[in-house]
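Please open the structure in your viewer and keep the selection tool at hand. This tour goes from stop to stop, saying each time what to select and what to look for there.

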Amino acid sequence: MGSDSLITPPETEDRPTAPEALEKKSTVSTSKLMTLRDLVTTSVFSVIYFALSGIGALMSVVLPSIGVSIIVPVTALVAAPAFMVASAKVPKFGAITIIGIVMGAAFFVAGHMPVSWVVPIVFGLLADFIASIGHYRSKAWTLASFVVFAYATTGPVIPMYFTMEAYKESLLAKGKSLEYVTQVTAPISWTAFAIMLVVTFVCAILGGLLGQRLVTRHFVKAGLA
């Protein structure tokens with residue numbers, strides 16, 4: 001048989017087999033899903049965020065004339081770095097929502113009214129969606145995300161304005177004295193509510209910018225985010 005009869009098959013590029021292609025596709029599609037490590041990291045920063053909100057709660061005790069509404073703007077200012085670090089370390093959908101869920105669970109354990117549990121979860125989902133528009137890497141979208149999330153701590157405050165009588169009854173049912181209930185609800189007015197919303201917006205922007213600077217200076221440059 002002559003050499004002309006030997007037909008050399010044309011070279012073809014290596015193509016992955018079906019299982020290999022499926023595995024590769026699976027890896028890509030699940031890369032945006034949260035891992036166990038992501039859940040642990042997010043949970044840690046959720047606890048830190050909620051702990052920092054305690055500073056606002058402490059100030060509401062020190063400054064009773066202002067009332068518990070001060071918790072919302074103060075938390076927006078001091079807890080922003082925890083939010084920014086968490087979103088930088090876990091840039092995936094669900095991380096911000098988990099922070100909201102943890103806060104809602106904490107409000108539940110603290111004995112707040114049901115609406116207080118739902119509010120942080122709703123704001124967490126909204127903030128998560130907004131951050132996802134910028135793929136969790138856009139400073140502008142992440143800042144907008146935090147401005148929305150900053151209102152998550154309005155959960156325990158909202159019943160005081162919209163269901164005042166029910167809120168008073170819930171405090172009395174917990175064993176609080178009438179004097180305490182009167183003192184807590186005295187500063188509440190729709191003017192105070194409007195001021196709280198505006199001040200929270202400003203504090204969220206300032207706190208968010210500070211948090212982003214912290215992430216850039218201490219985490220991104222160190223390769224930790």
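**First stop: threonine 42**

Select threonine 42 together with aspartate 38, and you will find that the side chain of threonine 42 reaches the backbone oxygen of aspartate 38 at 2.8 Å. Keep in mind throughout the tour that what you are looking at is a predicted model. Threonine 42 is found in helix α2, and with a relative accessible area of 1% it counts as buried, because that value is under the 20% cut-off. If you now add Met34, Val90, Ala95, Ile98 and Ile99 to the selection, you will have the residues that threonine 42 touches once those up to four places away in sequence are left out.

**The whole chain**

Clear the selection and show the protein as a cartoon, which lets you follow eleven helices and zero strands. Read along the sequence, the pattern is therefore α-α-α-α-α-α-α-α-α-α-α, helices being the elements named here. Of the 225 residues in the protein, 38% are buried. Among the contacts with a separation of 6 or more, 77% are between residues 24 or more positions apart. If you switch to a surface view, the protein exposes about 13100 Å², and carbon and sulfur atoms supply 70% of that area.

**Into the largest nonpolar core**

Next, select Tyr49, Phe83, Ile96, Ile99, Met103, Phe146 and Phe149, which, of the 27 residues in the largest nonpolar core, touch the most other members. Colouring by helix helps at this point, since α2, α4 (80–89), α5 (95–109), α6 (114–133), α7 and α11 (190–220) each supply at least two residues of this core. Which helix gives the largest share of this core? The largest share is seven residues, and these come from α4.

Stay with phenylalanine 83 for a moment and display its surroundings: leaving aside neighbours within four places in sequence, phenylalanine 83 is in contact with Tyr49, Ile96, Ile99, Thr142, Ser145, Phe146 and Phe149. There is also a second, separate core of eleven residues, which includes Met160, Tyr161, Tyr167 and Val181.

**Serine 145**

Move to serine 145, which has its place in helix α7 (residues 139–149). Is serine 145 buried or exposed? Its relative accessible area is 0%, so serine 145 is buried. Display alanine 127 as well, and you can see that a polar atom of the serine 145 side chain lies 2.6 Å from the backbone oxygen of alanine 127. Beyond the residues up to four places away in sequence, serine 145 touches Phe83, Ile96, Ala127, Asp128, Ile130 and Ala131.

**Tryptophan 190**

Now select tryptophan 190, whose place is in helix α11, and add tyrosine 161. These two residues are 29 residues apart in sequence, while their C-alpha atoms are 7.4 Å apart in space. When neighbours within four places in sequence are left aside, tryptophan 190 is in contact with Tyr161 and Phe162.

**Last stop: a patch on the surface**

Finally, return to the surface view and select Ile55, Leu58, Met59, Val61, Val62, Leu63 and Ile66, which make a nonpolar surface patch of about 610 Å². Pick out valine 61, which lies in helix α2 (residues 36–62). Valine 61 has a relative accessible area of 61%, so it is exposed, whereas threonine 42, where the tour began, is buried.

Note on methods: Residues are numbered from 1 along each chain as its sequence is written. This is a predicted model: local features need pLDDT of at least 70, side-chain atom pairs count only at pLDDT 80 or more; totals for chains, interfaces and linings use all residues. Side-chain values use heavy atoms; hydrogens and water are left out. Helices (H or I, at least four residues) and strands (E, at least two) are DSSP runs, numbered from the N terminus. Buried means under 20% relative accessible area, exposed over 50%, partly exposed in between (1.4 Å probe, protein chains only). A polar contact is a pair of N or O atoms within 3.5 Å; within protein, one must be able to donate a hydrogen and the other to accept it, and residues adjacent in sequence count only if both atoms are side-chain atoms. Contact means heavy atoms within 4.5 Å. Patches are made of residues with over 30% relative accessible area and no salt bridge: like charges are joined within 9 Å, nonpolar side chains (Val, Leu, Ile, Met, Phe, Trp, Tyr) within 5 Å. Accessible areas come from the Shrake-Rupley method with a 1.4 Å probe; for residues, only the protein chains shown count as cover. A salt bridge is a side-chain nitrogen of Lys or Arg within 4 Å of a carboxyl oxygen of Asp or Glu. A nonpolar core is a set of buried Ala, Val, Leu, Ile, Met, Phe, Trp, Tyr and Cys residues joined through side-chain atoms within 4.5 Å.
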